[in-house]
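Good morning, and thank you for coming. I should like to take you through one structure, moving from its strands to its core, its charged pairs and its cysteines.

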Amino acid sequence: LASIRARLEPSADAMLPLSLLTTAKGNPMLVELKNGDTYNGRLVNADSWMNVSLEEVICTSRDGDRFWRLAECYIRGNSIKYLRIPEVVIDMVQEYEVV
């Protein structure tokens, strides 16, 4: 029971996803979609539905055999599997939320 409670209670390291995305604007990030495609680019904007706009993007197909270079792209939040954001951005969020 204690282990279940520990997983359900927010930790001191927890942060809101939207505050993370707001802080990450202008920084590089990787977005993997549910279909397996990946997008590497610089975050321009993110909204409350976690839709993201990227610029200077390199898209890689799910099997890794095709690549595309895009000036910009818009990705719907409900198609995102995960985001990879630089550690320095995560550190900036933690500093911002402590203050």
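**Strands, core and charged pairs**

I begin with a single side chain: K81 is exposed, with a relative accessible area of 56%. Please keep in mind throughout that this is a predicted model.

K81 forms a salt bridge with E32, and the closest N and O atoms of the two are 3.7 Å apart. E32 sits in strand β1 and K81 in strand β5, residues 80-84, so this pair ties together parts of the chain that are 49 residues apart in sequence. In contrast to its partner, E32 is buried, with a relative accessible area of 14%.

That brings us to β1 itself. Five of the six residues of β1 are buried, so the strand is largely enclosed by the rest of the structure. What are its neighbours in the sheet? On the one hand, β1 runs antiparallel to β2, and five bridges join the two. On the other, β1 pairs with β5, again in the antiparallel sense, over four bridges. L30 illustrates both pairings: its bridge partner in β2 is N40, and in β5 L30 stands opposite R84. The connection between β1 and β2 is a hairpin with four residues between the strands, and G36 in that turn has a positive phi of about 100°.

I turn now to the core. The largest nonpolar core has 19 residues, and those touching the most other members are M29, V31, Y39, L43, L54, I75 and I85. Which elements supply this core with at least two residues each? They are α2, β1, β2, β3, β4 and α3. Of these, β3 gives the most, with four residues.

L43 deserves a closer look. Leaving aside residues up to four places away in sequence, L43 touches L21, A24, K25, G26, N27, M29, V52, S53 and L54. Two of those names, L21 and A24, recur among the buried residues of helix α2, residues 17-24, together with S19 and L20. G26 comes just after α2 and takes a positive phi of about 90°.

A24 also serves as a reference point for helix α3. V88 is in that helix, and although V88 and A24 are 64 residues apart in sequence, their C-alpha atoms are 9.4 Å apart in space. V88 counts as exposed, because its relative accessibility is 53%.

Let me return to the charged side chains. How many salt bridges does the structure hold? There are four. Besides the pair I opened with, E55 forms a salt bridge with R42, with the closest N and O atoms 2.9 Å apart. This pair links distant parts of the chain, since E55 is in strand β3 and R42 in strand β2, 13 residues apart. E55 is partly exposed, at a relative accessible area of 27%, and R42 is likewise partly exposed, at 28%. The arrangement extends to a third residue: R42, E55 and E56 are linked in a network of salt bridges.

A further salt bridge joins R66 and D65, whose closest N and O atoms are 3.6 Å apart. R66 counts as partly exposed at 46% relative accessibility, while D65 counts as exposed at 51%.

D65 has another partner, S61. The side chains of S61 and D65 make a polar contact at 3.1 Å. S61 is placed in the loop between β3, residues 52-60, and β4, residues 67-75. Is S61 buried or exposed? With a relative accessibility of 5%, S61 counts as buried. Beyond residues up to four places away in sequence, S61 touches D37, R66 and W68.

I close with the cysteines, a matter likely to be raised in discussion. A disulfide is a covalent bond between the sulfur atoms of two cysteines. How many disulfides are counted here? The count comes to zero. Why does C59 not form one? The cysteine sulfur closest to that of C59 is in C73, and at 7.6 Å it is too far for a bond. For comparison, the cut-off applied to the two sulfur atoms is 2.5 Å. Both residues count as buried, C59 at 4% relative accessibility and C73 at 14%.

Thank you. I should be glad to take questions.

Terms used: Residues are numbered from 1 along each chain as its sequence is written. This is a predicted model: local features need pLDDT of at least 70, side-chain atom pairs count only at pLDDT 80 or more; totals for chains, interfaces and linings use all residues. Side-chain values use heavy atoms; hydrogens and water are left out. Buried means under 20% relative accessible area, exposed over 50%, partly exposed in between (1.4 Å probe, protein chains only). A polar contact is a pair of N or O atoms within 3.5 Å; within protein, one must be able to donate a hydrogen and the other to accept it, and residues adjacent in sequence count only if both atoms are side-chain atoms. Contact means heavy atoms within 4.5 Å. A nonpolar core is a set of buried Ala, Val, Leu, Ile, Met, Phe, Trp, Tyr and Cys residues joined through side-chain atoms within 4.5 Å. Two strands pair if DSSP finds at least two bridges between them.
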